[in-house]
Every structure is written in structure tokens, then in C-alpha cells.
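Trainee: Before we start on the details, could we go through this structure as questions and answers?

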Amino acid sequence: GGSVKTGKMPEGEKTRQCKQEEEQQQKEEKQEGLIEFYSSYQELFQFFCSNTTIHGAIRLVCSKKNKMKTAFWSVLFFLTFGLMYWQFGILYREYFSYPVNLNLNLNSDRLTFPAVTLCTLNPYRYSAIRKKLDELDQITHQTLLDLYDYNMSLTRSDWSTLSTRKRSSRSLLHHVQRHPLRRQKRDNVVSLPENSPSVDKNDWKIGFVLCSENNKDCFHQAYSSGVDAVREWYSFHYINILAQMPDAKALDESDFENFIYSCRFNDATCDKANYTHFHHPFYGNCYTFNDNSSSLWTSSMPGISNGLSLVVRTEQNDFIPLLSTVTGARVMVHDQNEPAFMDDEGFNVRPGIETSISMKKEMTVRLGGSYSDCTEDGSDVPVQNLYSSRYTEQVCIRSCFQLNMVERCGCAYYFYPLPIGAEYCDYTKHIAWGYCYYKLLAEFKANVLGCFHKCRKPCKMTQYQLSAGYSRWPSAVSEDWVFYVLSQQNKYNITSKRNGVAKVNIFFEEWNYKTNGESPAFTVVTLLSQFGNQWSLWFGSSVLSVMELAELVLDLIAITLILAVRWFRSRQQLSPSGLPPNSHDNAAFQDEAPAPSAPHRFTVEAVVTTLPSYNSLEPRGPSRDGEVGHE
């Protein structure tokens, strides 16, 4: 037989091995994962305050043993945050108000000469409407005689009309009598009888009454000046006469040579290719120079000799004295492809005077979009453009009024373009259009129609700053030969030399022109720069500090979600008795698969000893050291 000898592991070696395994296990447990979450808010804030680059945060940790200092630095820290974000709010508000910077530029270049419109200030007694105008003059003559005892002188044609008045159509007289001139005292409107006694005319106002179609409502148009009342009343009937013309071309009786005696630009003579003609109801024949976009005039030098020079006739012949009370000519300077609104921007030229008009060009370029409410071409304005020109604010306002006129009154005002499918107002067809017009005009001026809000300024516009100088022309020593040559040239004898002609010079005062532009005052780069300035001012940190703060916010959200999920699961795992739901159900517990867990490290210690021999199973004697005998 033999025996196997085994020895036990030394106690020191076993202890050392256990310590190494425990340290290894602790290292594995402490090893950070890909995403690290903190176990509590306190741990998160302590880590943030100890490691952030934001100034002042470390004081919250360093002074944690002193509660007074901790409270002081906490209040100071969050107060600073509040002040900084208050400044951020101011910056945001300023950014989204879209402020602009005004830029002024001076440019030197060859200048395109503007369009110039010149009107005769002489509403012509056109042949197509001569008979009706003569009849209106007869009615006005009688009206002035009744109101003021004034016997207005009439031309021969007027007297011939008076003799045939009974044979003429009585439609005009009927409508004039429907809207007569009346004297108005205080709030009472009365008609003056033909043979009434004389009254104190200073106590009365002159006006006329416009009533609705059923005469239930009337509009009183009164004037403190009798001259204004007569002109307005006459103009109202004059417009009705013009509106009765089926074709506007019947009023196109241009007589350029009899109005423009001389026309020169840059010392070159003008011709018919340099102007266009249109008729204005009050200002007569109008001529627009340099409106042809194919061949525009340009000025390479400033000065009176490099501009437009006109000699015009201002003597009125065959005019309408009740409609035009001034003599001379009316001039307006405007940009090409823009209508000439003579009432708004034009000015009169005096007869017998040389008027020198110097110009300064000025361009304005506005920022659109969020920076202003300007429009590029008017396509985004809720008003149809009735003019055959580009968009301007005045074009839009007049179109807006005309469209409202057609909608409310059923007809269009004669002064403005005619919309498609509409016709001009005429009291032979639209009896109460005058009442509707004056009521609508009052609403328009009070902005009840909203035209001034709908019509926005264009983003790009060109304006001309004008200044005028005056001198007598021709002079006393030269007027004889000047008038003689002009009369020979135009085959017309000027009866009133002093009021017969006028001279107009239009030129650029300087070669430079000014451009007023806009640029954003607060861009994204400016906003970020201001944010950086505020952040550095209050915390003395950088962009990375902002990222640290963003990381803190994300960690707070993550910890909040994790704690919420754990609380929700713990609520679900608790039964109503407060015990786990599977504590009384053995089968369910056995059927449930154990949850996967991380592998556990454990140590197995094996002691190997020699198995006892067969003889050792026999009872031992009293002596433990005795020998075993053999058979």
C-alpha cells in the first residue's frame, strides 16, 4: 500500500489573493461607463461647482462649511444669472425690432434727366363739348346775377347759344336745377328767390346740396368763399359734361406749336419725338418731355446751359373763365414711368417771368421684409393698380379711391383711370353720384376707407429737390424785338405782351446725387457678440462655459427622468398590502425566469486529503499506534 501526502494553502497567501480579487472587483465597479449619471442632485451640483469654469461657482463648494457664506454666494450667483438674462432679453427685443442704420452716399455719374410735364393752365373749350359748355355758362350767368347781382360778360358764341336755348336739349338745365347754388345761414339752407330783397351777404355761406336718389338724405357742400363755391359748383357740372363724351380722343386737340414757342435741351432743338400729350380737365393740354424710355436725355454737366429751356405762351384764348382763375403754366418734375399728378407736386410759372429751376437728385433705398413695410413693386399690396405705370404710393391711393367709388357709387370718378367694366359718373345715368362721391370723399380723407394704410411706400424711389429763381423776361429794352420775332415765328399776334409768354429753365444744380440707404443695425453676428460681452461681463467665461451650463441642464433632466421612472416602477411593484405581488404565489415565482444579473466573482477553496484505507474502517483498539497484523 502507499499513501498520498497533501498540504494546505498557506493562510497568508490565501488572504493576499482575496484582497487582490476584492480590489479588482472594486476597480471594475468604479470604472466609468459611456454615459455617466449621478445618483443625486447634490452630487451633480457639487461636481458642477467644483469643475466649472464659471467664476463664482466654486465658492458654493468651498464655503459649504460656512452656511452664511454659502447663502451669500448662492444669492449672488443666481442674482448675477438673473441680471445677465435680463440683459439677454433686452438684446433679443432689440434684435427682433429690426433696427436699421441710415447710410448716406454721394455718387458722381452722368445723370439721367427726369421727365418734365408742362400744362397750359387753360381748360380748352373743345369743339366736341362747346355747345354744352356755352349752355352751362348761360345758367351760371343767371345764377351769379341772382346771387350777387353780377352781370357776367359773355362771348358771341354764348349769346348765340342764349338765343337758341329754348330749342336746345333741356337735360343740362334740368340737372343743374337739381343741384343749384344756394345761400346757407347757420344750419338752415334756403333758396334765394329771383326778386328777393337785398340781404347782408356777410352772414351767408354759398353752397349746393347733393341728395340721394330718393331724396331722403342730403349732403350740404358749403363754402365760406363765394369764389370757391362757384368754381366747385361749375366744376361739378363740367365733369358731368366731360363724362358724357363716349370717346376721350374727342378731347385730344393738341396744339403744341401754339403753346411751346421754343424747346431746347443741351443746346439742341426738341422735336415731337421728345414729348407725349394728354388732357387734364382743369389744367388743359399737358406735355411730358423725356418720357420715352428708349431715348432718354442725359446730363453730363450741371448748369443752366445743359438742361431744358422752354418758352411757352401764357396768354389765354378761348378759355373757361369760371373754371380757370389763374394765368401762366404749371410745371412738374417727376421720374420716368410715373404719372404726373399736377395737383400734388406741380407749381405754377408766372407770365412775363423767367423761372430757373435747379434740381438735386435724391434716391432712397429701404430695406424690405421685416425691417419696414415697404413694397418692391406693389404686387403684395391689396389694391389693384389702375394706372399704366409702375407702383407709387400716390398711384395706389388714387386707385384705392377709384375702386371704392365704383363699388359704392356704381360708377367711376372722371379724374382717375377707368376700371375694367365700369363707366364714368354722369348724372344723366347716375342721378345721385354727386351725393355718393362727396360722402365717400369725406370718408376717404378721414381714412375710413383704409387707403392710407393699405398703400405702402415703395422700397426704391427717386425724388428731385427743386429750388427756383425768378427774373423779368423779356426785359423792358428787349421785349419789343423778342415779341416781334415770336409772333412772326408762330404766326400769332400777342395782345398782352407782359402776360403773353414765360420762360422756364430746368437743370441739375450739381453733378453729384445723394443716395439714402438702409442696412441692418443688429445682425446675428452682432447679437452673438453682444451675448458674449454680457456673459464675459457677469461671469468672465467663454463659449465652453456655456456648454458646461448646457450639460448641467441636460444632466438635470436626465436625473429627473431616471428618478421619476424608478418611483413609478416602485409604485407598480407594491401591492395594496405592501408586500411584493409574488410572495404568496409559489408557482408564479418558480415560473418566472430570474432576471439577468452581472456575473458574480467568488472563490472556491478545495482541500485534498488521502482517502482512508480499508483496515481503517475496522474498530480501533485501545492503542491508536498499534500495528496491523497480516494473515
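**Pocket, bridges and rings**

Mentor: Yes; keep in mind that this is a predicted model. Begin with the second largest pocket.

Trainee: Which strand gives the most to the lining of the second largest pocket?

Mentor: The second largest pocket holds about 610 Å³ of space. Its lining has 26 residues, and the closest to the centre are E338, E345, T392, M461 and T462. At least two lining residues come from each of β14 (329–334), α11 (393–409) and β17 (460–472). The element that gives the most, with seven residues, is β17.

Trainee: How many residues of the lining of the second largest pocket are nonpolar, polar and charged?

Mentor: Glu counts as charged, and E338 and E345 are among the residues closest to the centre. By class, the lining has ten nonpolar, six polar and ten charged residues.

Trainee: E338 came up at the pocket. With which residue does the side chain of E338 meet in a salt bridge, and how many residues apart in sequence are the parts that the pair ties together?

Mentor: The partner of E338 is R390, at 3.2 Å from N to O. R390 sits in the loop between β16 (353–365) and α11, while E338 sits in the loop between β14 and α10 (342–345), so the pair ties together parts of the chain. The partner is R390, and the separation is 52 residues.

Trainee: Is R390 buried, partly exposed or exposed?

Mentor: The partly exposed class runs between the cut-offs of 20% and 50%. R390 has a relative accessible area of 36%, so R390 is partly exposed.

Trainee: Which residue forms a salt bridge with D380, and is that residue buried or exposed?

Mentor: The closest N and O atoms of D380 and its partner R456 are 2.6 Å apart. This pair links distant parts of the chain, 76 residues apart: R456 is in the loop between α13 (451–454) and β17, and D380 is in the loop between β16 and α11. D380 is partly exposed at 44% relative accessibility. The partner is R456, which at 18% is buried.

Trainee: What is the N to O distance in the salt bridge of E423 and K429?

Mentor: E423 is partly exposed, with a relative accessible area of 35%, and K429 is exposed at 58%. Their side chains meet in a salt bridge with an N to O distance of 3.8 Å.

Trainee: Now the rings. Why is the pair of F81 and Y85 stacked?

Mentor: F81 and Y85 both lie in helix α4 (residues 67–96), four residues apart, which is about one turn of the helix. F81 is buried at 11%, and Y85 is partly exposed at 42%. Planes under 30 degrees apart count as stacked. The ring centres of F81 and Y85 are 6.0 Å apart and the planes are at 10°, so the pair is stacked.

Trainee: Are F401 and Y437 stacked or edge-to-face?

Mentor: F401 belongs to helix α11 and Y437 to helix α12 (residues 433–445), 36 residues apart. Both F401 and Y437 are buried. With 6.0 Å centre to centre and 85° between the planes, the pair is edge-to-face.

Trainee: What does UniProt list for residues 71–92, and how much of that stretch is helix?

Mentor: The unreviewed UniProt entry lists residues 71–92 as "transmembrane region". The end C-alpha atoms of this stretch are 31 Å apart, strand is 0% and helix is 100%.

Key: Residues are numbered from 1 along each chain as its sequence is written. This is a predicted model: local features need pLDDT of at least 70, side-chain atom pairs count only at pLDDT 80 or more; totals for chains, interfaces and linings use all residues. Side-chain values use heavy atoms; hydrogens and water are left out. On a 1 Å grid over the protein atoms alone, a cavity is a set of points where a 1.4 Å probe fits but cannot get out, and a pocket is an open set with protein on both sides within 12 Å along at least five of seven lines; lining residues have an atom within 4 Å of a point. Grid points are joined across faces, edges and corners, and a volume is the space filled by probe spheres set on the points. UniProt positions are given in the numbering used here, feature names are shortened, and annotations may be inferred rather than shown by experiment. A salt bridge is a side-chain nitrogen of Lys or Arg within 4 Å of a carboxyl oxygen of Asp or Glu. Buried means under 20% relative accessible area, exposed over 50%, partly exposed in between (1.4 Å probe, protein chains only). Rings of Phe, Tyr and Trp (its six-membered ring) pair if their centres lie within 6.5 Å; planes under 30 degrees apart count as stacked, over 60 as edge-to-face and the rest as tilted.
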